[in-house]
Amino acid sequence: MKILIVEDEIKSAQYLRKGLVESGYQVDVAHDGIDGLFMARATDFDLLILDVMLPGLDGWGVISRLRESSQVPVLFLTARDAVEDRVKGLELGADDYLIKPFSYAELLARVRTLLRRQPMRQQELYTVANLEVDVLKRRAIRGGQRIDLTNKEFALLHLLLQHKGEVMSRSQIASQVWDMNFDSDTNVVDVAIRRLRAKIDDDFEPKLIQTVRGMGYRIEDEG
Ligand code: CA
């Protein structure tokens, strides 16, 4: 398993590298966003650990450019604790994040979880009213119109479709779409639902994503 650490703080990068090498991973390090993006594109890594605040190109810039061509799991490291900043990273395609300072044990647990995930590649087609979703082609069409979704928006829609007609709680959604297990941060889910609705529901009828007060969300054609 090959991991790329993109972190400009030399000591932190060395500390993480040493720990991960001792845990049996092959590790490369980049100290700025431009090198990090170059290395991530040039080599087939199994995971990126990406600091947000980087010289050259910040972590958000790296993720958004990387996601044009790669689905490599990305764990991002942030010193910020505003929920909107975390949502931004997740919306751009990060798979998980850690807020600095964090313990090495916590990082290792996240790394192992991300590396264990298997991409699901079976044929799946879903239709709800005039929404059609092809999971294999990662395509969503509403009323004949192609809808562009980010990876996380697509994962969220896919999860709701897999449980069509069932209410999914915010914590179920957080744990299944982002591998997050903290009830306190389900704002991320509300923001993501709002963005998904803006794309697939706002300009169309009937509305498909239903809010079930006090419980969560479900996708259903109530028309
Ligand atoms: Ca930094």
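At 29% relative accessibility, K199 counts as partly exposed, because the partly exposed range lies between 20% and 50%. The model in which this value was computed is a predicted one. K199 has a salt-bridge partner, E153, and the closest N and O atoms of the two are 2.7 Å apart. E153 is buried, with a relative accessible area of 4%. This pair links distant parts of the chain: E153 sits in helix α6 (residues 151–162) and K199 in helix α8, 46 residues apart.

Helix α8 also leads to the nonpolar interior. Spanning residues 187–200, helix α8 supplies seven residues to the largest nonpolar core, which is the largest share. That core has 53 residues, and V74, V133, L157, L160, I173 and W178 have the most contacts inside it. Beyond its neighbours within four places in sequence, L160 is in contact with several residues, including M168, I193, L196 and R218. A second core, separate from this one, has 18 residues, among them I5, V27, L77 and Y104.

R218, one of the contacts of L160, also takes part in a salt bridge. Its partner is E220, with 2.9 Å from N to O. R218 is buried at 19% relative accessible area, whereas E220 is partly exposed at 26%. Elsewhere, salt bridges with shared partners join E7, E9, D51 and K100 into one network.

A further salt bridge lies within a single helix. The side chains of E22 and K18 meet at 3.3 Å, N to O. Both residues are exposed. E22 and K18 are four residues apart in helix α1 (residues 10–22), so about one helical turn separates them. In total, the structure holds 13 salt bridges.

How values were computed:
Residues numbered from 1 in each chain as written. Predicted model: local features only at pLDDT ≥ 70, side-chain atom pairs only at ≥ 80, totals over all residues. Heavy atoms only, no water. Core = buried A, V, L, I, M, F, W, Y, C linked by side-chain atoms within 4.5 Å. Buried < 20%, exposed > 50% of the residue type's maximum accessible area, 1.4 Å probe, protein only. Helix = DSSP H or I, 4+ residues; strand = E, 2+ residues; numbered from the N terminus. Contact = heavy atoms within 4.5 Å. Salt bridge = Lys/Arg side-chain N within 4 Å of Asp/Glu carboxyl O.
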